[in-house]
Amino acid sequence: MHVLVVHDYGPLGKVLLERLRNTSLRVSPLLVSDPAGANLSALERWIPDDTDLIVNALWMADPEVAERDPEGTHKAAFSLPVAIAEYARDKGMALFQLSSCYVFDGRKQSGYIASNPGQPVNELGNWQWECEQALRTLLPRHIILRTGWSLGRFIRKVQASTAANETLTLPGRCVGQPVSVQDLARVMTAVIQQLDCGAEVWGTYQYAGAEEISLYELGLAIAGLPGIPEDIHVVDDMPLWGALEPPNTTLICTKIRNTFGIKQQPWRSGLANELTMLKEGLVRAETGLPTK
């Protein structure tokens, strides 16, 4: 199976490509450095004719970034994947698309299952939900994978507060599950390998790290990592960006386990590795070295 991985300069594309290249799959990368400014009419030049599966590894999991650039978010989270889906339909290809827990409003008292309809409360969730619905209409042979919080996003918040010597405010009322880049790449690879074996298991799935936690408690867990200054001060309160966070983004991940045999791994086991990866990426960026 020929797999085309659409990625940006973020860490997920790099890690996913490394994993896929260690399999028997034929893998091609497609770097989209500016998803918001991508030329959608150029898909025919980008995508090889013999592609079987397009994997859109442009992971959008930060609602703050989306609110600052609603037009760019619309393009990257909706217009680009829908254009890819239309092209895939016309060429007989399949599509693997990422979504997130932000398609939900968080009012449900228990965890969300894959069949629950989205009711987003922010820009990111809105366009991801619109994208999900469009894909279901356009392309029967699709995998949509909703993810939990980006672990890296909250590690960066801790790093920013220590660099500025500021108190970090995180809302204890917001509960969910983070996922690391390495774990997400593991899950995506496992799904792709089973598609390569001929599994006809198209549809919507969910994955996040094992163990629900509040954002405040997550901040404390990150603050306790080796390499994080011990004098960091984390406070349970509602920051300005907290209005973008649904109170409950817990994802029930039994469908992906029952279908693919993929079990949730504890997100805590990936904390140190995620921190190291982010530090290495920052060093490369500051020194002008390639991100590999």
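## Aromatic pairs and rings

The structure, which is a predicted model, holds 5 aromatic pairs. In one of them, the ring centres of phenylalanine 78 and tryptophan 127 are 5.4 Å apart and the ring planes stand at 45 degrees, so this pair is tilted. Because phenylalanine 78 belongs to helix α4 and tryptophan 127 to helix α5 (residues 123-138), the pair ties together parts that are 49 residues apart in sequence.

Elsewhere, a single aromatic cluster is formed by Trp149, Phe154 and Trp241. Tryptophan 241 also has the charged end of lysine 157 over its ring, at 4.1 Å from the ring centre. In another arrangement of this kind, lysine 255 lies over the face of tyrosine 205, with 4.7 Å to the ring centre.

## Helices α4 and α5

Helix α4 covers residues 70-91, and its 22 residues reach 31 Å from the first C-alpha to the last, which is close to the 32 Å expected at 1.5 Å a residue. The helix nevertheless has a kink of about 30 degrees at serine 79, shortly before proline 81. After α4 comes glycine 92, with a positive phi near 70 degrees.

For helix α5, the 16 residues should span 22 Å at 1.5 Å a residue, and the end C-alpha atoms are indeed 22 Å apart, so the two values agree. The buried residues of α5 include Trp127, the residue whose ring pairs with that of phenylalanine 78, and also Leu124, Trp129, Cys131, Leu135 and Leu138. Glu132 and Gln128 are likewise among the buried residues of this helix. The buried residues of α5 pack against α3 (63-68), α4, β4 (94-100) and β5 (142-147).

## Nonpolar cores

The largest nonpolar core has 69 residues, of which Phe96, Leu145 and Ile256 touch the most other members. Helix α7 (residues 181-196) supplies the largest share of this core, with 8 residues. Apart from this core lies another one, of 24 residues, whose members include Val82, Ile84, Ala85 and Leu138.

When neighbours within four places in sequence are left aside, the contacts of leucine 145 include Phe96 and Ile256, together with Leu184, Val187, Met188 and Tyr205. Among the other contacts of leucine 145 are Gln97, Ser99 and Gln206.

## A buried histidine in strand β1

Histidine 7 is found in strand β1 (residues 2-7), and its relative accessibility is 12%, so it counts as buried. Not counting residues up to four places away in sequence, histidine 7 touches Gly13, Leu17, Pro29, Leu30, Leu31, Val32 and Leu58.

## Loop residues

Two residues other than glycine are described here by their positive phi values. Asparagine 165 has a phi of about 55 degrees and is placed in the loop between α6 (151-163) and β7 (168-170); at 67% relative accessibility, this asparagine counts as exposed. Glutamate 211 has a phi near 100 degrees and lies in the loop between β10 (203-207) and β11 (213-214), where, at 36% relative accessibility, glutamate 211 counts as partly exposed.

Glutamate 230 is found in the loop between α8 (215-223) and β12 (234-236), and with a relative accessibility of 82% this residue counts as exposed. The C-alpha atom of glutamate 230 is separated by 9.4 Å from that of threonine 162, although the two residues are 68 residues apart along the chain.

Definitions and conventions
Residues are numbered from 1 along each chain as its sequence is written. This is a predicted model: local features need pLDDT of at least 70, side-chain atom pairs count only at pLDDT 80 or more; totals for chains, interfaces and linings use all residues. Side-chain values use heavy atoms; hydrogens and water are left out. Helices (H or I, at least four residues) and strands (E, at least two) are DSSP runs, numbered from the N terminus. The expected span of a helix is 1.5 Å times one less than its number of residues. The bend at a residue is the angle between axes fitted to the seven residues ending there and the seven starting there. Rings of Phe, Tyr and Trp (its six-membered ring) pair if their centres lie within 6.5 Å; planes under 30 degrees apart count as stacked, over 60 as edge-to-face and the rest as tilted. A charge sits over a ring if NZ of Lys or CZ of Arg is within 6 Å of the ring centre and within 35 degrees of the ring normal. A nonpolar core is a set of buried Ala, Val, Leu, Ile, Met, Phe, Trp, Tyr and Cys residues joined through side-chain atoms within 4.5 Å. Buried means under 20% relative accessible area, exposed over 50%, partly exposed in between (1.4 Å probe, protein chains only). Contact means heavy atoms within 4.5 Å.
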